[in-house]
Amino acid sequence: MDSIIVRGNGPLKGAIPISGAKNTCLKLMTAALLTDEPLTLTNVPRLSDIATLAHLLETLGVEIARLQDGRVMALSARSITNRRADYDIVRKLRASFNVLGPLLARENEAIVSLPGGCAIGARKVDLHLMALEKLGAEIRLEEGYVHAIAANGLTGAEIDFPMVSVGATENALAAAVLAKGTTVLKNAACEPDTVAFGECLQAMGAKIDGLGTREITIEGVDRLHGTTHEVIPDRIELGTFMIAPAICGGEVELLGGRRDLAEAFCDKLEEAGMSIQETDTGIRVARGNASIRAVDVTTAPFPGFPTDLQAQFMALMCTAEGTSRLEETIFENRFMHAPELIRMGADIDVQGGVATVTGVEKLKGAPVMATDLRASVSLILAGLAAEGETVVNRVYHLDRGYERIEEKLSAVGADIRRVRADG
Ligand code: UD1
């Protein structure tokens with residue numbers, strides 16, 4: 001298995017292009033199931049998660065053409081040849097569970113494997129199922145699979161989510177666009193990914209109001225048509241690379257980066273001492289002579305501080321002046337990076353959902369590994385600030401969500417390289 005080797009190498013300087021958003025693109029791809037016309041996506045990130053979902057969609061009968069080196073993807077679901085999403089693929093990628101809503105809406109039946117837990121928590125799907133039941137689906141759990149049937153089609157309903165769920169909002173939205181009548185989603189997610197998904201559905205002919213608010217109203221239509229849609233820049237990749245010059249000094253421009261996609265995060269980074277400037281081509285972030293101060297963070301649904309940037313922010317706080325309190329409210333077990341950071345000399349105390357981090361003078365390189373995507377990248381960031389060599393193992397997690405991370409970081413002066421498993 002490949003590993004990535006990082007050495008602290010002083011301040012960074014230059015520009016990093018931000019790729020299309022993984023989580024947005026995954027959901028947009030599922031929208032192809034809702035129409036027999038082609039859906040073309042541009043600014044597609046080249047990531048293994050995208051390839052995994054593409055493979056799943058192909059098993060359902062979607063024809064996929066990759067153009068411009070994979071940056072453009074044309075998906076055509078002229079007919080659905082299979083209504084069953086297999087465990088072998090769904091277990092690799094939880095977002096595959098989001099084929100359930102579109103398949104059910106198009107075919108009146110879907111059989112999708114339960115995704116199971118993952119390293120960051122139990123990650124239930126009860127809210128997805130509750131929403132589809134409200135829309136009239138009959139749901140049976142059979143041997144690890146969700147079997148959803150709506151013999152007479154789906155019917156609009158009011159769905160009040162007890163907690164905000166990005167995936168459940170998107171599954172419900174996808175199912176409701178072809179349902180008969182009106183659906184109201186209350187306490188809906190307003191993540192940029194969800195808004196982009198809804199906008200793509202609108203461009204396909206769906207009638208949706210209230211995107212970006214906690215209440216979304218959908219008027220069902222008989223059919224959707226094809227469209228071309230550009231994937232928004234990845235706000236999590238953006239935040240990750242904004243932390244790089246914060247942790248090791250310097251000035252970096254994130255090309256294509258948009259502050260409105262990561263406002264709460266940018267506020268915290270400024271509070272910590274970074275200077276952030278919007279430019280014509282993206283966002284410039286500089287540390288200057290400032291030292292990084294400890295800042296408290298609590299993760300929350302958008303527009304709050306994203307849980308997907310908590311691990312990276314913790315890496316930064318490990319070398320900040322003072323003590324910070326990082327509270328995770330979205331996932332119950334999302335501090336697996338803490339023990340690895342401690343192995344690099346960090347001072348972190350985790351009690352339940354709260355990590356107390358006291359900055360240390362210097363982190364020290366070590367062999368580390370992580371069990372999820374964002375945790376892995378936090379170890380790379382820590383390695384950029386550490387003395388000596390950090391070897392990050394289990395790199396396949398990084399390849400799920402970061403495109404050519406070693407190339408992007410070495411282009412701004414980081415000492416980082418990939419060692420292929422075969423030599
Ligand atoms: C999405 C993102 C993920 C991000 C997360 C929160 C994708 C592919 N992934 O995941 O990167 O970290 O949003 O911003 O878009 N929950 C339930 N029952 C459900 C559904 C969720 O209890 O049926 C709980 C989850 O366990 C979690 C919380 O709700 O504690 C939020 O999860 P959710 O917003 O659904 O996350 P995902 O859509 O899986």
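## Salt bridges across the model

Searching the whole of this predicted model turns up 34 salt bridges. One of them pairs the side chains of Glu389 and Arg7, with N and O 3.6 Å apart. This one ties together distant parts of the chain: Glu389 sits in strand S25 (residues 389-393) and Arg7 in strand S1 (residues 3-7), with their positions 382 residues apart in sequence. How accessible are the two partners? Glu389 comes out as partly exposed, at 34% relative accessible area, and Arg7 is partly exposed too, at 37%. Neither counts as buried, because that label needs a value under 20%.

Other pairs involve residues with few places between them. Asp88 bridges to Arg91, and the closest N and O atoms there are 3.6 Å apart. Asp88 has a relative accessible area of 47%, so it goes down as partly exposed; Arg91, at 43%, is partly exposed as well. Then there's Arg140 with Glu142, whose side chains meet at 2.9 Å, N to O. Here the values are 35% for Arg140 and 32% for Glu142, so once again we're looking at partly exposed residues.

## Two domains and how they meet

The chain splits into domain 1, made of 3-18 plus 233-419, and domain 2, covering 22-230. Domain 1 is therefore written as two stretches of sequence, with domain 2 falling between them in the numbering. Measure from C-alpha centre to C-alpha centre and the domains are 31 Å apart. Where they touch, domain 1 puts in 22 residues and domain 2 puts in 19.

Between them, the two domains bury about 1,700 Å², and carbon and sulfur atoms account for 48% of that. On the domain 1 side, three residues stand out: Phe302, Arg400 and Glu403 provide 35% of the area that domain 1 buries against domain 2, more than any other three residues.

## Charge at the interface

How many salt bridges run between domain 1 and domain 2? The count is four. On top of that tally, nine residue pairs are in polar contact across the interface. As for secondary structure, helix H12 (373-385) and helix H13 (396-401) each bring at least two residues to the side of domain 1 that touches domain 2. H13 gives the most, with three residues. Sort that side of domain 1 by class and you get eleven charged, eight nonpolar and three polar residues.

Glu403 keeps turning up. Its side chain meets that of Arg71 in a salt bridge, 2.6 Å from N to O. The same two residues belong to a salt-bridge network that also takes in Arg46, Asp69, Arg404 and Glu407.

## Ser19 in the linking loop

Ser19 lies in the loop between strand S2 (12-17) and helix H1. Is Ser19 buried or exposed? Its relative accessibility is 9%, so it counts as buried. Its side chain makes a polar contact with the side chain of Glu403 at 3.4 Å, and another with the side chain of Lys408 at 2.8 Å.

Setting aside residues up to four places away in sequence, Ser19 touches Pro45, Ile232, Pro233, Asp234, Glu237, Glu403 and Lys408. So Glu403 links several parts of this picture: the Arg71 salt bridge, the Ser19 polar contact and the trio with the top share of domain 1's buried area.

## Helix H1 and Leu75

Helix H1 (residues 22-31) is mostly covered, with nine of its ten residues buried. Among the buried ones are Leu26, Leu28 and Met29, along with Lys22 and Lys27.

Met29 is also one of the residues in contact with Leu75, which belongs to strand S5 (residues 72-76). Leu75 has a relative accessible area of 0%, so it is buried. Beyond its neighbours within four places in sequence, its contacts include Ala32, Pro38, Leu39, Leu41, Leu57, Val62 and Ile64, and Glu37 and Glu63 are on the list as well. How far is Leu75 from Arg140, C-alpha to C-alpha? The two are 30 Å apart in space and 65 residues apart in sequence.

Methods:
Residues numbered from 1 in each chain as written. Predicted model: local features only at pLDDT ≥ 70, side-chain atom pairs only at ≥ 80, totals over all residues. Heavy atoms only, no water. Contact = heavy atoms within 4.5 Å. Buried area = accessible area lost by both parts, 1.4 Å probe. Polar contact = N/O pair within 3.5 Å; in protein donor to acceptor, adjacent residues only side chain to side chain. Helix = DSSP H or I, 4+ residues; strand = E, 2+ residues; numbered from the N terminus. Nonpolar A, V, L, I, M, F, W, Y, C, P; charged D, E, K, R; others polar. Buried < 20%, exposed > 50% of the residue type's maximum accessible area, 1.4 Å probe, protein only.
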